[in-house]
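User: I am new to reading structures. Please pick one part of this model, go through it closely, and explain how its pieces fit together.

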Amino acid sequence: GEDKDGYYMHVGEVRVADGRESVISAVRWRSILGLAWLPDRSALLLAARDRASAPGTPAQIWQVNYPSGEARQLTYDSNQFDSLSLTADGRTLVATHSELRSNVWVMTGGDYAGARQITSGRENGDGGCAWTPDGRIVYTSRASGYFDIWVMNADGSEPKQLTFGTDANLYPSVSPDGRYIVFETNRGVGWSVW
């Protein structure tokens, strides 16, 4: 769904017998990547990001009680949980735990062997990068803890953060005269170009 605060997901159920739909939890989620019922159907476990989480934060494991819909976060990890499954007795949980590693690399005219890595953080460049007319590189980094736009020299030196805040700022493109950077952001409701 979408409301004044942007997009969201919710947890619902559909009864197989009659197709009737109902909302299990009024909590509005940024994303739900996986879910599993506890064997006694007293709760669901979710790999999800709640709406209060900042953009770009990793999905965690949550418990949503059934039928009350009350949600409680179970993990507080710096990496993301993408999917999960419970054993039949509900005593063991298996989850996909992912870590994003990306950096900016530069190569000249298809010289793949000569490509060189110019950033060394875990989370640089995964939201796009672009050259400036004067030979610098504008890129997205999560070094601040959020998706922000940064600029650096072509050798990776002198990185400088250009956007600040908890909004996600992605896929920068530089105007031909170098005066403007256009990027995708979720400042305000939904996604837009700034």
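Analyst: Two residues are in contact here when heavy atoms of theirs lie within 4.5 Å. Keep that cut-off in mind for what follows. Keep in mind, too, that this is a predicted model.

The part to look at is a sheet. Five strands make up an open sheet, in the order E3-E4-E5-E6-E7, with antiparallel pairing. Strand E3 (9–14) and strand E7 are the edge strands. Each has a single partner strand, so one side of each lacks a neighbour in the sheet. From one strand to the next, the twist averages 55 degrees. What holds such strands side by side? Strands of a sheet pair through backbone hydrogen bonds, either parallel or antiparallel.

Now walk across the pairs. E4 and E5 are antiparallel partners, joined over seven bridges. In this pair, Trp29 has Asp50 of E5 as its bridge partner. E5 also runs antiparallel to E6, with six bridges between them. Here Leu46 is matched with Trp62 in E6. E6 then pairs with E7, again in the antiparallel sense, over three bridges. Gln63 has Arg72 in E7 as its bridge partner.

Look next at how E4 turns into E5. The two strands form a hairpin with five residues between them. Arg41 sits in that loop, between E4 and strand E5 (43–50). Its phi is near 60 degrees, which is a positive value in a residue other than glycine. Arg41 is partly exposed, because its relative accessible area is 41% and partly exposed covers values between 20% and 50%.

Stay with E5. Is this strand covered or open? Eight of its eight residues are buried. That holds for both faces. On one side are Ala43, Leu45, Ala47 and Arg49, and on the other are Leu44, Leu46, Ala48 and Asp50. So both a charged-type name such as Arg49 and a nonpolar one such as Leu44 are among the buried residues, since each has under 20% relative accessible area.

Where do these buried side chains go? The largest nonpolar core has 10 residues: Val11, Ile24, Trp29, Ile32, Leu44, Leu46, Ala48, Trp62, Val64 and Tyr66. E4, E5 and E6 are the elements that give two or more residues to it. In soluble globular proteins, nonpolar side chains tend to be buried together. There is also a second, separate core of nine residues, which includes Ala36, Ala43, Leu84 and Leu86.

Trp62 deserves a closer look. What does it touch, leaving out residues up to four places away in sequence? Its contacts include Trp29, Leu44, Leu46 and Ala48. These four also belong to the largest core. Trp62 touches Leu45 and Asp50 as well. It also reaches Ala71, Arg72, Gln73 and Leu74.

Now step back to E4, which spans residues 21–37 and holds Ser25. Ser25 is buried, because its relative accessible area is 1%, which is under 20%. Its side chain reaches the backbone nitrogen of Val27 at 3.2 Å. Beyond its neighbours within four places in sequence, Ser25 is in contact with His10, Val11, Val64 and Gly69. Two of these contacts, Val11 and Val64, are also members of the largest core.

One more loop belongs to this region. Strand E6 (60–65) and strand E7 (71–73) are linked by a loop that holds Pro67. The peptide bond from Tyr66 to Pro67 is cis, with omega near 10 degrees. Tyr66 is itself a member of the largest core.

Finally, a charged pair. The side chains of Arg15 and Glu13 form a salt bridge, at 4.0 Å from N to O. Which of the two is buried, and which is partly exposed? Glu13 counts as buried, at 15% relative accessibility. Arg15 is partly exposed, at 36%.

Technical notes. Residues numbered from 1 in each chain as written. Predicted model: local features only at pLDDT ≥ 70, side-chain atom pairs only at ≥ 80, totals over all residues. Heavy atoms only, no water. Buried < 20%, exposed > 50% of the residue type's maximum accessible area, 1.4 Å probe, protein only. Helix = DSSP H or I, 4+ residues; strand = E, 2+ residues; numbered from the N terminus. Polar contact = N/O pair within 3.5 Å; in protein donor to acceptor, adjacent residues only side chain to side chain. Pairing = 2+ DSSP bridges. Axes fitted to C-alpha atoms, helices over the stretch in contact; angles between N-to-C directions. Core = buried A, V, L, I, M, F, W, Y, C linked by side-chain atoms within 4.5 Å.
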